[in-house]
Amino acid sequence: RQFLGLDHHPARFVRGMVIKTQELAAKHGWFMPAQFENEANAWIHEETTGKEIVEATQGMKIDYFVCAYGTGGTLKGVAKVLREKSPQTKICVVEPDNAPLLYSEIKTPYKEDGSFAAAHPLWRPHLLQGWATDFIPKLVNDSVEAGFVDHILHAASSTANKTAREIAQKEGIFTGTSGGGSLASALEFAKTVPKGSSMVILLADTGERYISTPLFQDIPADMTEEEKAIAASTPSEAPPPISLPEVTQDNTAFINEVNSTNKVVVWSLEYCEFCWTIFGFLDAIGVPYKVINIDSFQYAKHNQGNKYRAALQKMTGVNT
């Protein structure tokens with residue numbers, strides 16, 4: 001959120017986020033996509049995701065299609081395609097078990113522009129990010145009203161996390177909590193359908209978005225004992241070092257000249273995090289300095305950067 005320059009009070013939930021966005025768009029003339037009610041959201045999934053599912057299954061009978069709902073764009077767009085191309089397919093929508101908004105059959109009132117007019121009374125906080133906002137989006141309601149939803153399934157946050165971890169470990173599919181929730185619900189639902197039924201399950205995101213969430217709370221930052229044992233099972237031979245050129249008088253003279261004409265010089269590797277820390281420290285205390293990134297593009301020609309590096313090693317007696 002902060003990376004995008006946004007300031008949003010978490011206690012105001014998605015409603016607060018939308019209201020703040022509306023305020024900013026109105027004040028500054030900024031574009032607001034209005035993804036919860038914008039028909040372009042559903043249209044693009046009708047043009048892409050829905051058609052891709054039909055093409056990928058190559059005429060195979062699809063008995064059930066399972067997805068969660070966030071904005072409702074995927075649900076509405078894919079459902080329109082399946083109703084036309086695969087009318088026998090039953091569409092199953094998943095929502096959190098502690099925020100069963102669709103199951104409650106309590107509607108969200110909307111303004112003329114399709115945005116929400118009130119919060120949903122059944123919404124509760126859950127771990128399924130991207131699912132079930134604190135109102136039923138207009139695109140989701142459109143799908144319900146159009147008869148696109150045949151079954152409503154529910155997922156527990158803990159089961160979603162467990163399933164996401166299992167599919168990563170057993171199938172090599174790196175999905176997030178929402179993907180785990182969809183799969184977990186589909187697996188439970190599969191126990192109730194006729195034997196031999198086919199099912200398409202949409203896993204909407206990647207696990208890398210969830211590294212700071214409870215999905216990874218049991219994954220240690222450091223290697224486990226088992227991982228250490230695997231690593232120790234081979235010699236871990238060191239790779240060959242960089243071969244530096246011979247030190248020349250010209251390169252030594254350049255370094256001496258730069259050092260003598262600047263109070264502070266950092267002979268740096270361009271993307272070295274340690275060097276960045278030094279830069280930040282010097283900036284914080286107001287000390288001016290000169291940076292020579294010896295591995296930058298500027299010094300790549302004729303291996304010039306490594307010539308300076310060789311001279312620096314000889315002059316300082318250290319390798320880095």
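Analyst: A strand here is a DSSP run of E at least two residues long, with numbering from the N terminus. By that reading, Val266 lies in strand β5, residues 265–268. The model is a predicted one.

User: What makes Val266 buried?

Analyst: Its relative accessible area is 12%. Buried means under 20%, so Val266 qualifies. Setting aside neighbours within four places in sequence, Val266 is in contact with Ile278, Phe279, Leu282, Tyr289, Lys290, Val291 and Ile292.

User: How far apart are Val266 and Pro245, in sequence and in space?

Analyst: They are 21 residues apart along the chain, and their C-alpha atoms are 21 Å apart.

User: Let's turn to the helices. Why are α7 and α8 called roughly perpendicular?

Analyst: Helix α7 (residues 157–171) packs on α8 at an angle of about 95°, with the axes 7 Å apart. The band for roughly perpendicular runs from 65 to 115 degrees, and therefore the pair gets that name. On the α7 side, the contact is made by Thr159, Ala160, Asn161, Thr163, Ala164 and Ile167, and on the α8 side by Thr177, Gly180, Gly181, Leu183 and Ala184.

User: How many nonpolar, polar and charged residues does that contact have?

Analyst: The contact of α7 with α8 has five nonpolar residues, six polar ones and no charged ones. Gly counts as polar in this scheme.

User: How do you know that Leu183 counts as buried?

Analyst: Leu183 belongs to helix α8, residues 177–190. Its relative accessibility is 15%, and the cut-off for buried is under 20%, so the label holds. Beyond its neighbours within four places in sequence, Leu183 is in contact with Thr163, Ile167, Ile201 and Leu203. Leu183 and Thr159 are 24 residues apart in sequence but 9.9 Å apart in space, C-alpha to C-alpha.

User: What makes α2 oblique to α4?

Analyst: The axes of α2 (residues 39–47) and α4 (residues 73–85) come within 7 Å and cross at roughly 45°. Roughly parallel needs an angle under 35 degrees, and roughly perpendicular needs 65 to 115. The angle falls in neither band, which makes α2 oblique to α4. The crossing is right-handed. From α2, the contact takes in Glu39, Asn41, Ala42, His45 and Glu46; from α4, Gly73, Thr74, Lys76, Gly77, Val78, Lys80 and Val81. By class, that contact has three nonpolar, five polar and four charged residues.

User: And why are α2 and α3 called roughly parallel?

Analyst: Here the axes of α2 and α3 (residues 49–57) cross at roughly 20° and come within 3 Å. Angles under 35 degrees count as roughly parallel, and therefore α2 and α3 are described that way. Ile44, His45, Glu46 and Glu47 of α2 meet Thr49, Gly50 and Lys51 of α3. That contact has one nonpolar, three polar and three charged residues.

User: Which residues of α6 are buried, and which helices do they pack against?

Analyst: In α6 (residues 138–145), the buried residues are Leu139, Val140, Asn141, Asp142 and Ser143. They pack against α2, α4 and α5. After α6 comes Gly147, with a positive phi near 80°.

User: Now for positive phi outside glycine. What makes Glu105 exposed?

Analyst: Glu105 is at 68% relative accessibility, and exposed means over 50%, so Glu105 is on the exposed side. Glu105 sits in the loop between α5 and α6, with a positive phi of about 65°.

User: How do you know that Ser236 is exposed?

Analyst: The reasoning runs along similar lines. The relative accessible area of Ser236 is 57%, and the threshold is over 50%, so Ser236 is exposed. Ser236 is found in the loop between α9 and α10, and its phi is positive, about 55°, although Ser236 is not a glycine.

User: How many disulfides does the structure hold?

Analyst: There are zero disulfides. For Cys67, the nearest cysteine sulfur is that of Cys92, 8.9 Å away. A disulfide needs two sulfur atoms within 2.5 Å, and Cys67 is in none. Cys67 is buried, because its relative accessibility is 0%.

User: And what about Cys272, with Cys275 as its nearest cysteine?

Analyst: The sulfur of Cys275 is 3.5 Å from that of Cys272. The cut-off is 2.5 Å, so Cys272 is in no disulfide either. With a relative accessible area of 21%, Cys272 is partly exposed, because buried requires under 20% and exposed over 50%.

Notes: Residues are numbered from 1 along each chain as its sequence is written. This is a predicted model: local features need pLDDT of at least 70, side-chain atom pairs count only at pLDDT 80 or more; totals for chains, interfaces and linings use all residues. Side-chain values use heavy atoms; hydrogens and water are left out. Buried means under 20% relative accessible area, exposed over 50%, partly exposed in between (1.4 Å probe, protein chains only). Axes are lines fitted to C-alpha atoms, for helices over the stretch in contact, and angles run from 0 to 180 degrees between N-to-C directions. Helices (H or I, at least four residues) and strands (E, at least two) are DSSP runs, numbered from the N terminus. Angles under 35 degrees count as roughly parallel, over 145 as roughly antiparallel, 65 to 115 as roughly perpendicular and the rest as oblique. A crossing is left-handed if the near helix is turned anticlockwise from the far one by less than a right angle, and right-handed if clockwise. Contact means heavy atoms within 4.5 Å.
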